[in-house]
Amino acid sequence: MKTLIAAIAAAGIVLPASAQEVRFEVTYRDLDLASAKGQKELDRRIDRAARKACGFDTLTTGTRIRSGDKQECYVEMKTKAKQQFATLIEQEGKGG
């Protein structure tokens, strides 16, 4: 099964003290990444995985405002995952 693992080290982003690294996997083997539909589904999967990994949809009791570290984690994880997929797709297109 083809998956891509996106990860960022705690040094690159402000995370809770207990977190050493944020990681997530996105499966893409079943997608046709040459099609707009496949790319859109990949983007949805990356979005869901980044939200979950960063606790983006988890709100703190007493507030509806997301913490800045969750927002930063979410944005950085999505960016890194998209960059990794772009590189992977380019490599696969070149045959290796």
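**Close-up views of a predicted model**

Y74 is buried, with a relative accessible area of 10%. The views below are taken from a predicted model.

**View 1. The stacked aromatic pair of F56 and Y74.** The structure contains two aromatic pairs, and the one shown here needs both ring positions to be described. A pair of aromatic rings is described by the distance of the centres and the angle of the planes. Y28 and F85, the subject of View 2, form one of the pairs. F56 and Y74 form a stacked pair, with 4.2 Å centre to centre and 20 degrees between the planes. F56 sits in the loop between α1 and α2 while Y74 belongs to helix α2, so the pair ties together parts that are 18 residues apart in sequence. The relative accessible area of F56 is 4%, and F56 is buried.

**View 2. The edge-to-face aromatic pair of Y28 and F85.** The ring centres of Y28 and F85 are 5.1 Å apart, and the angle between the planes is 90 degrees, an edge-to-face arrangement. Y28 is in the loop between β2 (21-27) and α1, and F85 is in helix α2, so this pair ties together parts that are 57 residues apart in sequence. Y28 and F85 are both buried.

**View 3. The disulfide between C54 and C73.** One disulfide is found in a search of the whole structure. C54 is joined to C73, with an S to S distance of 2.0 Å. The pair links distant parts of the chain, 19 residues apart, with C54 in helix α1 (residues 36-54) and C73 in helix α2. The torsion about the S-S bond is about -70 degrees, so the disulfide is left-handed. C54 and C73 are both buried.

**View 4. Surroundings of K70.** K70 is a residue of helix α2. Neighbours within four places in sequence aside, K70 is in contact with C54, G55, F56 and T58. Two of these contacts recur in other views: C54 takes part in the disulfide, and F56 in the stacked pair. K70 is buried but has no salt bridge. The nearest side chain of opposite charge is that of D69, 6.6 Å away. A salt bridge would need a distance within 4 Å, so D69 does not qualify as a partner.

**View 5. Surroundings of K78.** K78 is located in helix α2 (residues 68-93). With a relative accessible area of 16%, K78 is buried, because the cut-off for buried is under 20%. Not counting residues up to four places away in sequence, K78 touches D43, I46, D47 and A50.

Methods: Residues numbered from 1 in each chain as written. Predicted model: local features only at pLDDT ≥ 70, side-chain atom pairs only at ≥ 80, totals over all residues. Heavy atoms only, no water. Helix = DSSP H or I, 4+ residues; strand = E, 2+ residues; numbered from the N terminus. Buried < 20%, exposed > 50% of the residue type's maximum accessible area, 1.4 Å probe, protein only. Contact = heavy atoms within 4.5 Å. Disulfide = S-S within 2.5 Å. Lys, Arg positive; Asp, Glu negative; His and termini not counted. Phe/Tyr/Trp six-rings, centres within 6.5 Å; stacked < 30°, edge-to-face > 60°.
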